[in-house]
Amino acid sequence: MTKIAILGANGRLGRVVAKAFIDAGFDVRAVTRTGKVPAELKGATAVAGDALDRQSLIRATEGVDIIFNGLNPIYTDWGKCLPMAENVMAACHANNALHLFPGTVYNYGSPMPAVITEDTPFHPTTEKGRIRCAMEELFRREADAGHVRTIILRAGDFFGGTGSGSWFDLVVAAKIGKGVYTAPGPADLVHEWAYLPDFAVGFVALARNLDKLGPYEALNFPGHAVTDLEIKAAAEKAVGRSLKMTSMPWWVLRAGSPFVAMWREIVSMSYLRFEPHQLVSTRLAGIIGEIPHTPLDQAVGQALGDIGIATVNGVSKAA
């Protein structure tokens, strides 16, 4: 049985990916700083490991075949990203493990390309974009040197799954219980979203098709390239009533950004909410077959239920 270590198994992405690999029959090791994992990851082996401590991480991943890198510091702590990435490379190298990594669209900068393919060049214009590019360059160097094989699957903004911290639950759905839908940008602007259960199944499919992949691959995951008008309509179907549309008060964040570190970081990435973009792939379907894609109405309804919002089909309580 293939053994996979999920780094960041307490995080939103890590939870969903770990569950997908458990359901697919993999031997899953859930690695967290405390060694404790959510009850929903029944079937995984919980292991303590600190991503900022190289030897700790090497020990926590000893003997695995694959390491899924779901580490993602909060916006104000992105100085930790490269040291963590270097330690993950060391752990993969020490254990001869494949590296799976979720890519972002930060690498492309502003102005955003309207359509992003696997061949679209990087042009980072923010510190976070530059950090992400540096991480991927590190992964490529390790692959070219024959040390660590890396497969990247790039996605847009996450929604779905339990936990908090995404634009969907912090902004879009924050007031739906009160009958209000909050648009982070222009309501008719196309924005790339990834429904996490689909994204996770995409990683499982890649892990099952490694013979079709090289030592370094960066693939796009086409999720839901939709407008807020479309998400609002799906949310209205899910909750069974009309929702008032309101806009995120960006002027408040911009005014307060010199004084509030998190607001400053959010404002630095605000172009993503005002520039249309979507991911397409010319290669993914040829590798894994049909790309996982839950219909928007179903995905939005389940995502709302995951964070505890009552829907016409019931509530899935958030953990």
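Contact here means heavy atoms within 4.5 Å, and that is the sense in which helix α4 (residues 127–144) lies across β4, β5, β7 (150–154) and β11. In this predicted model, α4 runs at about 160° to β5.

The strands under that helix belong to an open sheet of 7 strands, paired in parallel and ordered β3-β2-β1-β4-β5-β7-β11. At the edges sit β3 (45–48) and β11 (216–220), each with a pairing partner on one side only. Going from neighbour to neighbour, the strands are turned by 20° on average, if direction is ignored. Helix α1 (residues 12–23) packs on this sheet too, where it touches β1 (3–7), β2 (27–32), β4 and β5; the direction of α1 makes about 165° with that of β1. Zooming in on one pair, β4 (residues 66–69) and β5 (residues 98–103) run parallel and are joined over 3 bridges, with F68 standing opposite L100 in β5.

Helix α1 turns up again in the second largest pocket, which holds about 260 Å³ of space. Its lining is made up of R15, V16, K19, A20, D23, E40, G161, T162, P197, A200, V201 and D306. The largest share, 5 residues, comes from α1, and α6 (196–207) is the other helix named as supplying at least two residues. Sorted by class, the lining has 5 nonpolar, 5 charged and 2 polar residues. So α1 has a part in both pictures: α1 packs on the sheet, and α1 also gives the pocket the largest share of its lining.

Key. Residues are numbered from 1 along each chain as its sequence is written. This is a predicted model: local features need pLDDT of at least 70, side-chain atom pairs count only at pLDDT 80 or more; totals for chains, interfaces and linings use all residues. Side-chain values use heavy atoms; hydrogens and water are left out. Two strands pair if DSSP finds at least two bridges between them. Helices (H or I, at least four residues) and strands (E, at least two) are DSSP runs, numbered from the N terminus. Axes are lines fitted to C-alpha atoms, for helices over the stretch in contact, and angles run from 0 to 180 degrees between N-to-C directions. On a 1 Å grid over the protein atoms alone, a cavity is a set of points where a 1.4 Å probe fits but cannot get out, and a pocket is an open set with protein on both sides within 12 Å along at least five of seven lines; lining residues have an atom within 4 Å of a point. Grid points are joined across faces, edges and corners, and a volume is the space filled by probe spheres set on the points. Ala, Val, Leu, Ile, Met, Phe, Trp, Tyr, Cys and Pro count as nonpolar, Asp, Glu, Lys and Arg as charged, and the others, Gly among them, as polar.
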